[in-house]
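Reader: I would like a close look at one part of this model, the cysteine pairing, together with what lies around its two ends. Please state the cut-off behind each term once.

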Amino acid sequence: MIPNLASRRLLFLLHIWFSCLFFNPADSGAVQLNSGNIDSTLASNELVFINFYADWCRFSNMLAPIFDEAADKVTADFPTPGKVVMGKVDCDKEGSLSSRFHITKYPTLKLFQNGQPAKREYRGQRSVEAFHSFVKKQLEDPTKEFSSLKDLENLDDKKRMLIGYFDRRDNPDFNTFRRVATNLKDDCQFHVGFGFAHEAINSYIGKAASQQMHPPGQSIVVFRPDKATSNENDETFVGDIKSYDELNIWATEKCVPLVREITFENAEELTEEGLPFLILFHRADDTESIKKYKDVINKELMDEKHNVNFLTADGGRFSHPLHHLGMSQSDLPLIAIDSFRHMYLFPKFEDMDIPGKLRQFLQDLYSGKLHREFHYGPDTPTENTVNLIEGNVDKKPTTPPESTFKKLAPSKNRYTLLRDEL
């Protein structure tokens, strides 16, 4: 029986009424996270992208609708449970979570993979399209499969990489390797091969990493350093590949070097760590100076890694700091300290090879000697300074160059910086 017009209108109105009755706006947008559900959310999803915000922060209010719209788009495109969640935390209501995740500015966007916080927070463009593209990229398989051992000879030797060998793709060891790769894909390349003849693998490992032979069926993971700027050798992982924590710790130590390159893309992140910079400025094609600098840092200053950021910088890209130091690209290579107040020049690059010389440069920063001597001259008078004093020549204090890297710190035009609010 075909319903008449009045019946059709009644059915339509009932449909609208039921839709309004059961529609819940809270089901749309980013998932509201709190101390009661955040741990289960992190544990049950491969990827969790969280906006830490405060309602009173104008930057948080500007971001909120954009992040919620992006969350709806991500949910529509990746509906599989356990794949990805975009969440938000009200830090005024969830002060314990704010402290737990070290939130120092609003809004802060943090990524969690396999329940672990990514080393870098999100600092890219704040648009629906940018957030969606970012999440999509994070969900890509970070491992690249090679089909023959000869393929490894053509890999970029300027990149740090982890190479895994497994008998088959469904091997649980490979899943552990892939999980580690998702956390470190920004720091290392990950290459993987399946089902190679065991004799061929052992032969390659013997040449590349060690003379240790691996029993048939055993998975193998090898770290290959940046050959262009490092004197390190390949190294085979000797722990339990089935242990995610064990492999992840080892891989992190290998993939995240003591000496890092500073770029305009990571400068804000490095500056926010709050540690002084000890920087080697070099020409773009000068790999030898980088190797020497890394060797000295690794041999003599390993114990200073929690006090200083050891960095290299392309002097062509970072010509502005050189200009502040009164230098140009023709003076490269050179070493300087940026304390975020002032910049100090290491007197002579070649002196870096003298044991203890670079360490003393750091100690002079800590003690205030660099700052004091830049203003008032050497603590121990030289013949020239004695002559100036005896001749009653006025010695006017000088001012060291101001820091240029502090200007690359998080901007007050983009964040509410909590250290300035408390």
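Author: The account below starts at the disulfide and then follows its two ends outward.

The model is predicted, so to speak of local features a pLDDT of at least 70 is needed, side-chain atom pairs count only at pLDDT 80 or more, and totals for chains, interfaces and linings use all residues. Residues are numbered from 1 along each chain as its sequence is written, and side-chain values use heavy atoms, with hydrogens and water left out.

A search of the whole structure turns up one disulfide, a term that stands for a pair of cysteine sulfur atoms within 2.5 Å. The pair is Cys188 and Cys255, with 2.1 Å between the sulfur atoms. The angle about the S-S bond is -105°, which makes the link left-handed. Cys188 sits in the loop between helix H6 (172-184) and strand E9 (189-194), while Cys255 belongs to helix H8 (residues 244-255), so the bond ties together parts 67 residues apart in sequence. Helices (H or I, at least four residues) and strands (E, at least two) are DSSP runs, numbered from the N terminus. Both Cys188 and Cys255 are buried; buried means under 20% relative accessible area, exposed over 50%, and partly exposed in between, for a 1.4 Å probe and protein chains only. Two other cysteines are buried as well: Cys57 has 1% relative accessibility, and Cys91 has a relative accessible area of 4%.

On the Cys188 side, the loop leads into E9, which is part of an open sheet of five strands with mixed pairing, in the order E7-E9-E8-E10-E11. Two strands count as paired if DSSP finds at least two bridges between them. Strand E7 (143-145) and strand E11 (235-236) are the edge strands, each with a single partner, so one side of each has no neighbour in the sheet. Further in, strand E8 (residues 161-166) and strand E10 (residues 220-224) run antiparallel and are joined by five bridges. One pairing across them sets Gly164 against Val221 in E10.

Next come the pockets. A pocket is found on a 1 Å grid over the protein atoms alone, as an open set of points where a 1.4 Å probe fits, with protein on both sides within 12 Å along at least five of seven lines; lining residues have an atom within 4 Å of a point. Grid points are joined across faces, edges and corners, and a volume is the space filled by probe spheres set on the points. The largest pocket has a volume of about 1,600 Å³. It has 49 lining residues, and those closest to its centre are Arg120, Lys159, Arg160, Asp186 and Asp187. Its lining has 14 nonpolar, 13 polar and 22 charged residues. In this count Ala, Val, Leu, Ile, Met, Phe, Trp, Tyr, Cys and Pro are nonpolar, Asp, Glu, Lys and Arg are charged, and the others, Gly among them, are polar.

On the Cys255 side, H8 contributes to the second largest pocket, which holds about 840 Å³. Of its 30 lining residues, Glu253, Val256, Pro257, Leu258 and Lys305 lie nearest the centre. The elements that supply two or more lining residues are H8, strand E12 (259-261), helix H10 (287-300) and strand E14 (309-314). H8 gives the largest share, five residues. By class, this lining has eleven nonpolar, eight polar and eleven charged residues.

E12 and E14 also belong to a sheet. It is open, has five strands with mixed pairing, and runs E12-E14-E13-E15-E16. E12 and strand E16 (343-345) are at the edges with a single partner strand each, so one side of each is left without a neighbour in the sheet. Strand E13 (residues 277-282) pairs with E14 in the parallel sense over six bridges, and Phe281 has Ala313 of E14 as its bridge partner.

The backbone around E15 has two further features. The peptide bond joining Leu332 and Pro333 is cis, with omega about 0°, and Pro333 lies in the loop between helix H11 (319-324) and strand E15 (334-338). Phe340, in the loop between E15 and E16, has a positive phi near 75° without being glycine. At 17% relative accessibility, Phe340 counts as buried.
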